[in-house]
Amino acid sequence: MHREENTVTKKRALVAGATGYLGKFIVKELKRQGYWVRALSRDSRKIEPVRQYVDEVFLGEATQPETLIGLCRNIDTVFSSLGITRQKEGRTYMDVDYQGNKNILNEARAENVSKFMYISVFNADTLRHLEIVKAKERFADELKEAGLQHFIIRPNGFFSDMTEFFNMAKRGRVYLFGNGEYRANPIHGADLAKTCVERLCSTGGEFDVGGPEILTQNEIALQAFAVLDKKPKITYIPLWIRNLTLKLVRRFTSVKTYGPIEFFMTVLTMNMVAPAYGQHTIKEYFKEIIEVSNG
Ligand SMILES: NC(=O)c1ccc[n+]([C@@H]2O[C@H](COP(=O)([O-])OP(=O)(O)OC[C@H]3O[C@@H](n4cnc5c(N)ncnc54)[C@H](OP(=O)(O)O)[C@@H]3O)[C@@H](O)[C@H]2O)c1
């Protein structure tokens, strides 16, 4: 009897992007906060790392709407961090970040889902000329008009991307653009997930989110060297090289190649400081990488 009551009253969430860096933290946080969780995955093996926090796995490919029928049945909250970051499958941002999410939104509307949270990127207004941001914000615009309670989160860079600084330091030299003094406050997936799930109790809206520490790229590099106990070696790449590279990749490669390059080369050559949330520091994150690799 007691169990039946719980099942009826429990909030039910669908997570799209559940196999990704942020999605895994979201699944754990939703579970921690008492949600029943369904996860969309393209491959049952990929969900294994968080399988214990998932009540139901739904196998589907977001770009193929016929595989999504029933995805949002009996769900009241949809969370989506679905998008292309490192996947190299020949799809464009418009195919996945826009249309894939649109297909999920269509399912959500058909099933009368009440809340939809979507992850875009910080500084989207300024960066809308970039292919990835164009696709994400096109979806965000449509979500706002879709008639359900919307939550659009625009986070700063994730700690997962800071791994690149660590890897360069491990190889002995970090390469930075300009003089390395661009500032940002990246955020750990666990901190972002907590902020996102807490926000679901609000009335909705659009939210910029960054991590607790504002650091220059020089400082991030120095922390990586310090944690590795290595002598810092930094090479500064002049901005004209970055500008020329951007021009060349845009001219001679397709959007599938230049999309990620233009995004990273742009956000790494500007200040990116968002409202601060969370507690995890970059130094702890770099230490964690070493601990994990040491088993
Ligand atoms: N990384 C950053 O610094 C950063 C900063 C701000 C915003 N964001 C945005 O936040 C979102 C999440 O980032 P993340 O680092 O967690 O990304 P991630 O680790 O690459 O995860 C992306 C998720 O989307 C899924 N996906 C991709 N294409 C799909 C398709 N065709 N059908 C079904 N699922 C598909 C992936 O599934 P598979 O595992 O099957 O590939 C994965 O679960 C992204 O949209 C990203 O643009 C990222």
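Where is the place of Trp-240? In this predicted model, Trp-240 sits in helix 9, which covers residues 239-252. With a relative accessible area of 56%, Trp-240 clears the 50% mark and therefore counts as exposed. Together with Ile-241, Leu-244, Leu-248 and Phe-252, Trp-240 makes up a nonpolar surface patch of about 550 Å².

Strand 2 (residues 36-41) is another story: 6 of its 6 residues are buried. That goes for both faces, with Trp-36, Arg-38 and Leu-40 covered on one side and Val-37, Ala-39 and Ser-41 on the other. Strand 2 also has partners to look at. Strand 1 (residues 12-16) pairs with strand 2 in the parallel sense over 5 bridges, and Arg-12 finds its bridge partner in Trp-36. Strand 3 (residues 56-59) runs parallel to strand 2 as well, joined by 4 bridges; here Leu-40 is matched with Phe-58. Add helix 2 (residues 21-32) to strands 1 and 2, and the result is a right-handed β-α-β unit.

Helix 2 turns up again among the salt bridges, of which the model has 21. One of them joins Asp-55 and Lys-31, at 2.7 Å from N to O. Asp-55 belongs to the loop between strand 2 and strand 3 while Lys-31 is part of helix 2, so this contact ties together parts 24 residues apart in sequence. Both ends are partly exposed, Asp-55 at 35% relative accessible area and Lys-31 at 23%.

The salt bridge between Lys-134 and Glu-131 has its closest N and O atoms 3.4 Å apart. These two are 3 residues apart in helix 5, so about one helical turn separates them. Lys-134 is partly exposed at 33%, and so is Glu-131 at 21%. Glu-164 and Arg-171 also meet in a salt bridge, at 3.5 Å from N to O; Glu-164 is partly exposed at 41%, whereas Arg-171 comes out as exposed at 63%. Elsewhere, salt bridges with shared partners link Arg-128, Glu-137, Asp-141, Lys-144, Arg-154 and Glu-206 into one network.

As for the rings, there are 8 aromatic pairs. In one of these, Tyr-118 and Phe-139 have ring centres 4.7 Å apart and planes at 70°, so the pair is edge-to-face. The pair links distant parts of the chain, since Tyr-118 is in strand 5 (residues 115-119) and Phe-139 in helix 5 (residues 131-144), 21 residues apart. Both residues, Tyr-118 and Phe-139, are buried. Phe-159, Phe-166, Tyr-285 and Phe-286 come together in one aromatic cluster.

Definitions and conventions: Residues are numbered from 1 along each chain as its sequence is written. This is a predicted model: local features need pLDDT of at least 70, side-chain atom pairs count only at pLDDT 80 or more; totals for chains, interfaces and linings use all residues. Side-chain values use heavy atoms; hydrogens and water are left out. Buried means under 20% relative accessible area, exposed over 50%, partly exposed in between (1.4 Å probe, protein chains only). Two strands pair if DSSP finds at least two bridges between them. A crossover is right-handed if, with the strands pointing away from the viewer, the path from the first strand over the helix to the second runs clockwise. Patches are made of residues with over 30% relative accessible area and no salt bridge: like charges are joined within 9 Å, nonpolar side chains (Val, Leu, Ile, Met, Phe, Trp, Tyr) within 5 Å. Accessible areas come from the Shrake-Rupley method with a 1.4 Å probe; for residues, only the protein chains shown count as cover. A salt bridge is a side-chain nitrogen of Lys or Arg within 4 Å of a carboxyl oxygen of Asp or Glu. Rings of Phe, Tyr and Trp (its six-membered ring) pair if their centres lie within 6.5 Å; planes under 30 degrees apart count as stacked, over 60 as edge-to-face and the rest as tilted.
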